[in-house]
Amino acid sequence: MTDPAIAAYGLRKSYGDRTVLDGIDLTVPEGTIFSLLGPNGAGKTTAVKILSTLVSPDPDSGPIRIGGHDLATHAQDARAAIGVTGQFSAVDGLITGEENMLLMADLHHLPRAEGQRVVAGLLERFDLTAAAGKPASTYSGGMKRRLDIAMTLVGGPRIIFLDEPTTGLDPRSRHTMWGIIRELVTDGATVFLTTQYLEEADELADRIAVLHDGRIAAEGTAGELKRLVPGGHVRLRFTDPAAYRSAAAVLDGAARDDEALALRLPSDGGQRDLRSVLDRLDAAGVEADELTVHTPDLDDVFFTLTGGVVPDRPKENVR
Ligand SMILES: Nc1ncnc2c1ncn2[C@@H]1O[C@H](COP(=O)(O)OP(=O)(O)OP(=O)(O)O)[C@@H](O)[C@H]1O
Ligand SMILES: [Mg+2]
């Protein structure tokens, strides 16, 4: 049995009287992708910063081992094994992409020729060769993100932390990034990734943990998490607020989204189930403007676990 790449037990962190991480356990086997999923402010960045030695956990926090090294006693060894791409770019806009990369090579004390070789290889791999001589401030968001991750890889880290690597990227750039992340793992690295995008975790991660209120609300493969929410749901949307309120009154158990005038009811999507919903609406004399049947996806898991209202966001079609 080899050590897991990342192992943390009873991870705790508070800022003042705000408990951000309330004793969470995280284990990531070598050569896998782990995704920490959570809404804004859930503590994802805090977890990444602690695991990557940038921030100290609370004194009553449990042990953390990164690449087999105990963070409390061997932080320097752990640091040598990891690379971190923060949520906010570490790219210096005033210098070129290549200069940013060479700076990282210097920070890793790579001999000049080797540094240049590694940098050229990464620029090529991240499709940045043509732009390498231009100031990074002229790069698009997607290019900056790619440069950011390329910079993280200069030192050849075995364990890579990516804090929301695709936030703000368009669907195509997100796909490119997914390809890059998969390649990292094919090459043997371990990836710890945070995201707000459920489909991203679904797409990439071997295991997913949902962070909510400082705790892991659920953990498992995408399939395991989806099985937590059997049957899917029916979504009814209204344009008339009065019709919406009448429907909400007769369909007890429906989750309300008052802003979108939408109701969500647990349902197996079967004929009998749908008929019962429609009969109840008929009896109340209301008609929905839109009815959609959903089979469970990670969104359902997420909103079931975190007890949130149902968002009315269009699903991006990224495939
Ligand atoms: N240095 C700090 N001092 C005080 N509070 C902090 C500090 N860093 C983070 N917090 C608080 O900890 C909580 C979790 O923040 P964190 O950045 O880890 O969330 P996140 O899940 O990464 O959110 P986002 O999706 O917005 O990036 C927030 O309430 C934040 O205000
Ligand atoms: Mg964050």
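The following paragraphs describe the overall build of the chain, its nonpolar cores and the surroundings of its ligand in a predicted model.

The chain contains eleven helices and 14 strands, and its C-alpha trace spans about 80 × 45 × 40 Å along the principal axes. Of the 319 residues in the chain, 38% are buried. When contacts between residues at least 6 apart in sequence are considered, 70% of them join residues that are at least 24 apart.

The largest nonpolar core comprises 66 residues, and those with the most contacts inside this core are Ile-6, Leu-51, Met-101, Leu-122, Ala-150, Val-154 and Leu-193. Helix 5, which covers residues 141-153, supplies the largest share of the core, namely five residues. For Ala-150, once the neighbours within four places in sequence are left aside, the contacts are with Met-101, Leu-122, Leu-123, Phe-126 and Leu-128; of these partners, Met-101 and Leu-122 are themselves listed among the residues with the most contacts inside the core. A second core, separate from the one just described, is made up of 14 residues, including Phe-238, Leu-251, Leu-263 and Val-277.

Ligand 1 is surrounded by Tyr-15, Val-20, Gly-38, Asn-40, Gly-41, Ala-42, Gly-43, Lys-44, Thr-45, Thr-46, Gln-87 and Gln-196. Helix 1, formed by residues 44-51, gives the most to this shell, with three residues. Sorted by class, the shell around ligand 1 holds eight polar residues, three nonpolar residues and one charged residue.

Notes
Residues are numbered from 1 along each chain as its sequence is written. Chains are lettered from A and ligands numbered from 1 in the order in which they are written. This is a predicted model: local features need pLDDT of at least 70, side-chain atom pairs count only at pLDDT 80 or more; totals for chains, interfaces and linings use all residues. A nonpolar core is a set of buried Ala, Val, Leu, Ile, Met, Phe, Trp, Tyr and Cys residues joined through C-beta atoms within 7 Å. A residue is buried if 20 or more other C-beta atoms lie within 10 Å of its own, exposed if 12 or fewer, and partly exposed in between; C-beta atoms are placed from the backbone. Helices (H or I, at least four residues) and strands (E, at least two) are DSSP runs, numbered from the N terminus. Two residues are in contact if their C-beta atoms, placed from the backbone, lie within 7 Å. A residue is near a molecule or strand if its C-beta atom, placed from the backbone, lies within 6 Å of it. Ala, Val, Leu, Ile, Met, Phe, Trp, Tyr, Cys and Pro count as nonpolar, Asp, Glu, Lys and Arg as charged, and the others, Gly among them, as polar.
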